[in-house]
Amino acid sequence: MQGDATDLAAAIRNGHWSAAEAMQASLAAAARQEPLGALAYIDAAMGLASADDRDRERRRAPDRFAARPFAGVPTLAKDLGGPFAGLPVSAGSRLFERKGGEADSDLAARFRDAGFCLFGLTTSPEFGLSLASEPAIGPVCRNPLDPTRTAGGSSGGAAAAVAAGIVAIAHATDAGGSIRVPAACCGLVGMKPTRGAIPGGPSFGNHLAGIASELAVCRSVRDTALIFDRLTGNSRGPFADPSPADIGNGGLRIGLLADTGSVYPTAGDRLAAVEAAARALESDGHEIVPLSWADFEWSVTSSGRTFADIVSVNLAAFIEAAALDQSKAEPLTQAFTARGRALPATSLWNTLNDAVLVSHRLWALFDRVDCILVPMLSSTPLAIGSFPSDHADADLHLERMTAFAPLACLANVSGFPALTLPFGQDEHAMPLPVQIMAPMGHEPRLLSLAARLEAEGRWQHRFPVAGLPS
């Protein structure tokens with residue numbers, strides 16, 4: 001499987017490799033893979049200083065070092081979300097200069113406490129508005145599995161860096177599929193947690209009315225489980241901390257959606273992968289319950305509208321509050337800003353009420369099944385340039401994103417957890433991802449089922465992790 005962050009942490013903990021050596025390897029890989037466009041900003045001095053701190057801790061306070069599950073593991077923050085102290089986020093926009101850097105968010109502090117050594121920021125589209133990571137200010141992020149194709153968005157740089165082995169794991173955010181779509185494009189595991197499970201304070205700047213969450217893109221299910229366990233809980237936000245549910249692995253009812261309708265059709269090889277995953281779970285004694293597109297169609301439409309309204313109003317409010325010169329933004333960003341300014345309060349209110357109904361309908365579906373298996377992407381990752389931002393047609397852009405990932409926004413708007421992982425490869429040697437959804441607080445069930453599917457070994461990483469001794 002070419003290794004993961006757990007393997008790298010073990011190698012450092014056991015003395016086979018120092019944190020400094022791992023960092024030097026990641027920095028060398030970042031330089032070697034610069035044409036990939038995965039990294040928007042690098043601070044080598046920060047990374048090396050952090051690695052030296054971990055190596056000193058290993059010598060002087062080995063018990064404290066050993067308590068950090070990712071002690072000494074190099075990683076990267078996304079150029080959106082956080083923030084992480086010392087890393088000057090620009091949100092992929094020329095509206096900001098890369099200087100300074102805010103204090104750590106609650107989540108960033110937990111990343112550091114877990115032992116990660118940060119050294120840069122990964123590429124994001126301007127303000128995260130795309131399912132490709134190709135900001136006008138650059139760099140254009142390419143898929144390491146096929147550089148002519150997108151790595152996805154908005155956490156595309158994170159996914160490209162992890163798939164290419166520059167780092168074994170990377171911070172990512174998800175407001176409309178932005179963890180799961182890049183993970184799906186690059187053959188990785190990506191989970192959007194239950195609403196409220198991950199801290200968003202103290203400023204809640206990436207809250208987006210509850211649709212956004214943060215976690216990571218990973219090379220394995222076990223890395224996903226470990227980082228979720230380390231980062232979750234005591235979120236101190238507007239929602240109660242979800243209580244992890246008893247996973248009860250025996251005899252689950254697996255809802256299977258193997259059709260996404262005529263408006264947003266999914267390619268046959270992707271639907272076949274979902275059906276193959278269902279058969280694998282059925283062989284373990286789980287019951288497969290067929291679901292129809294009619295069970296999802298209204299919720300998918302409402303989720304897309306909710307995402308569009310929330311991000312538009314948020315962007316308009318942010319640009320006004322920060323007194324930014326929006327004329328410097330990409331034309332598509334300006335169009336979303338104008339859309340947000342023009343949206344009547346009553347329309348936004350109706351949209352937010354519909355979002356509640358989306359959650360209610362999904363709860364009703366979970367009265368019939370224990371989890372849901374659905375497609376993640378409608379096609380193989382699209383060519384670079386498929387989501388241009390040099391135009392002002394926000395509706396066209398939203399339609400293109402929905403067509404590529406019809407079921408992405410549903411988890412964000414409903415608040416339910418969802419996880420994607422690769423389950424085979426297509427004729428282009430690109431991953432065939434599947435997505436599993438579960439009721440709120442049921443991440444343990446998602447992770448257990450994902451580990452079962454991962455164990456089939458239908459996908460292998462192409463690139464080894466930098467710094468991981470062979």
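Start by selecting α10 (residues 297-321), which supplies the largest share of the lining of the second largest pocket, 7 residues. Helices here are DSSP runs (H or I, at least four residues), strands likewise (E, at least two), both numbered from the N terminus. You're looking at a predicted model, where local features need pLDDT of at least 70, side-chain atom pairs count only at pLDDT 80 or more, and totals for chains, interfaces and linings use all residues. Residues are numbered from 1 along each chain as its sequence is written, and side-chain values use heavy atoms, with hydrogens and water left out.

**Stop 1: the second largest pocket**

Keep α10 on screen and add α13 (394-404) and α14 (408-414); each of these three helices supplies at least two residues of the lining. Then pick V300, G304, R305, L398 and T402, which lie nearest the centre of the pocket, out of 22 lining residues. The volume is about 330 Å³. A pocket here is an open set of points on a 1 Å grid over the protein atoms alone, with protein on both sides within 12 Å along at least five of seven lines; a cavity is a set where a 1.4 Å probe fits but cannot get out, and lining residues have an atom within 4 Å of a point. Grid points are joined across faces, edges and corners, and a volume is the space filled by probe spheres set on the points.

Colour the lining by class and you get 13 nonpolar, 5 polar and 4 charged residues. The classes are: Ala, Val, Leu, Ile, Met, Phe, Trp, Tyr, Cys and Pro as nonpolar; Asp, Glu, Lys and Arg as charged; the others, Gly among them, as polar.

**Stop 2: the largest pocket**

Don't deselect α10 yet, as this helix also gives the most to the lining of the largest pocket, with 5 residues. The pocket holds about 830 Å³ of space. Of its 38 lining residues, L80, G81, A91, G205 and N206 are the closest to the centre. Add β6 (169-174) to the view: β6 and α10 are the elements that give two or more residues to this lining. By class, the lining splits into 19 nonpolar, 14 polar and 5 charged residues.

**Stop 3: α10 against α12**

Now bring in α12 (residues 345-365), whose axis comes within 9 Å of the α10 axis and crosses it at roughly 140°. That makes α10 oblique to α12. Axes are lines fitted to C-alpha atoms, for helices over the stretch in contact, with angles from 0 to 180 degrees between N-to-C directions. Angles under 35 degrees count as roughly parallel, over 145 as roughly antiparallel, 65 to 115 as roughly perpendicular and the rest as oblique.

The crossing is left-handed (the near helix is turned anticlockwise from the far one by less than a right angle; clockwise would be right-handed). For sticks on the α10 side, try W298, R305 and D309, which are among the residues that meet α12. On the α12 side, the contact includes L348, D354 and R361. Contact means heavy atoms within 4.5 Å.

**Stop 4: α8 and its two partners**

Select α8 (residues 221-231) and α15 (residues 443-454), packed at about 160° with their axes 9 Å apart. That makes α8 roughly antiparallel to α15. V221, T224, A225 and F228 of α8 make the contact with E443, L447, A450, A451 and E454 of α15. These residues divide into 6 nonpolar, 1 polar and 2 charged.

Next, swap α15 for α1 (residues 5-13): the axes of α1 and α8 come within 8 Å and cross at roughly 75°. The two helices are therefore roughly perpendicular to each other. A5, T6 and D7 of α1 touch R222, D223 and L226 of α8, and this contact has 2 nonpolar, 1 polar and 3 charged residues.

**Stop 5: the cavity**

There is 1 cavity of 30 Å³ or more, with about 270 Å³ of space. Centre on G196, I198, G200, H207 and A212, which lie nearest the middle among 22 lining residues. The lining divides into 9 nonpolar, 10 polar and 3 charged residues.

**Stop 6: backbone oddities**

Zoom to G201 and P202, joined by a cis peptide bond with omega about 0°; P202 sits in the loop between β7 (189-192) and β8 (213-218). The bond from G153 to S154 is also cis, with omega near 5°, and S154 lies in the loop between β5 (146-150) and α6 (156-163). Finish at F127, with a positive phi of about 55° although it is not a glycine, in the loop between β3 (117-122) and β4 (142-143).
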